[in-house]
Amino acid sequence: MGADKRRLELNGRSLLDIALDKVHSVCGEVVIAGRLPEDLRPSGVRCVDDCPALRGPAAGIAAGLEAVSGERALVLACDMPFVTEALLRHLLARAAEGWLVVAPRLAGRWEPLCAVYSAECGPLLQRECAGERAALKGFLEDHRDEVLALGEADLAQFGEPSRLFANLNTPRDLERAAGIV
């Protein structure tokens with residue numbers, strides 16, 4: 001994208017603010033993982049750096065899990081502005097059934113950045129995703145019996161699944177998104 005996605009605006013609101021509003025509506029505790037410049041740090045939200053032993057999204061998820069006080073944490077990337085609050089509530093409700101992770105899985109692909117992780121995933125991620133095994137996909141596959149994969153039929157009640165998880169990765173994606181909102 002060539003710019004910090006958290007700063008990008010969609011119809012006058014930053015992607016970070018859009019994601020924070022959704023998370024605040026369903027969670028009492030909010031933690032932002034990843035190095036965040038001072039001018040982007042919202043008041044009342046704890047910000048933590050990524051876990052230094054890991055790379056990629058696993059580094060942020062592990063750090064966030066270490067920082068939260070509850071038994072589980074909702075993870076939402078800021079570049080998914082079409083995820084609905086109803087979907088987030090559903091993920092949390094299903095996670096309360098005792099799953100290690102509850103994550104959407106569409107056409108054989110995981111959506112690990114819109115998922116709920118049990119707090120026990122923090123140490124597992126640190127142990128299993130270090131070095132070359134940084135991919136969350138491998139972690140989810142390795143724990144398949146403990147992961148609830150929500151498929152298209154389950155997700156469709158919250159909107160068109162391909163739109164729900166549309167990532168804004170290019171300026172063109174951002175233009176299209178502005179036309180949808």
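Helices (H or I, at least four residues) and strands (E, at least two) are DSSP runs, numbered from the N terminus. You're looking at a predicted model, where local features need pLDDT of at least 70 and side-chain atom pairs count only at pLDDT 80 or more, while totals for chains, interfaces and linings use all residues. Residues are numbered from 1 along each chain as its sequence is written, and side-chain values use heavy atoms, with hydrogens and water left out.

**Exercise 1. Place Pro42 and list what it touches**

Step 1. Start with the address: Pro42 is in the loop between β3 (31–33) and β4 (46–48).

Step 2. Next, check the exposure scale. Buried means under 20% relative accessible area, exposed over 50%, and partly exposed in between (1.4 Å probe, protein chains only). Pro42 has a relative accessible area of 22%, so we call this residue partly exposed.

Step 3. Now look for partners, where contact means heavy atoms within 4.5 Å. Setting aside neighbours within four places in sequence, Pro42 contacts Leu20, Ile32 and Leu36. Pro42 and Leu20 are 22 residues apart along the chain, and their C-alpha atoms are separated by 9.2 Å.

**Exercise 2. Describe the protein chain as a whole**

Step 1. Count the secondary structure: there are 8 helices and 9 strands.

Step 2. Of the 181 residues in the protein chain, 48% are buried.

Step 3. Take the contacts with a separation of 6 or more: 66% of them come from residues 24 or more positions apart.

**Exercise 3. Work out where the buried residues of α3 and α4 point**

Step 1. Here's a handy rule: an α-helix has 3.6 residues a turn, so residues three or four places apart point the same way.

Step 2. In α3 (residues 85–95), the buried residues are Leu87, Leu88, His90, Leu91 and Ala95. Looking down the axis of α3, these fall within an arc of 160°, so they line one face of the helix. (The arc is that of the directions from the helix axis to the C-beta atoms.)

Step 3. Try α4 (residues 121–128): its buried residues are Cys121, Gly122, Leu124, Leu125 and Glu128. Their arc is 165°, so they too line one face of their helix.

Step 4. What covers the buried residues of α4? The cover includes α2 (56–67), β6, β8 and α5.

**Exercise 4. Explore the nonpolar cores**

Step 1. A nonpolar core is a set of buried Ala, Val, Leu, Ile, Met, Phe, Trp, Tyr and Cys residues joined through side-chain atoms within 4.5 Å.

Step 2. The largest one has 31 residues, and Leu87, Leu91, Cys114 and Phe165 have the most contacts inside it. At least two residues each come from α1 (15–26), β5 (72–76), α3, β6, β8 (114–118) and β9 (147–150). The biggest giver is α1, with 5 residues.

Step 3. A second, separate core has 27 residues, including Ala62, Val75, Cys121 and Leu140.

Step 4. Zoom in on Leu91. Not counting residues up to four places away in sequence, Leu91 touches Leu74, Val102, Pro104, Cys114, Ala115, Val116 and Leu150.

**Exercise 5. Trace the salt bridges around Glu141**

Step 1. A salt bridge is a side-chain nitrogen of Lys or Arg within 4 Å of a carboxyl oxygen of Asp or Glu. The structure holds 8 of them.

Step 2. Arg105 bridges to Glu141, with the closest N and O atoms 2.9 Å apart. This pair links distant parts of the chain: Arg105 is in strand β6 (residues 101–106) and Glu141 is in helix α5 (residues 136–142), 36 residues apart.

Step 3. Glu141 also bridges to Arg144, where the closest N and O atoms are 3.3 Å apart. Shared partners join Arg105, Glu141 and Arg144 into one network.

Step 4. Check the exposure: Glu141 is partly exposed at 32% relative accessible area, and Arg144 is partly exposed at 36%.

**Exercise 6. Describe the backbone and setting of Ala107**

Step 1. Find Ala107 in the loop between β6 and β7 (109–110).

Step 2. Its phi is near 50°, a positive value in a residue other than glycine.

Step 3. Ala107 has 81% relative accessibility, so this residue counts as exposed.
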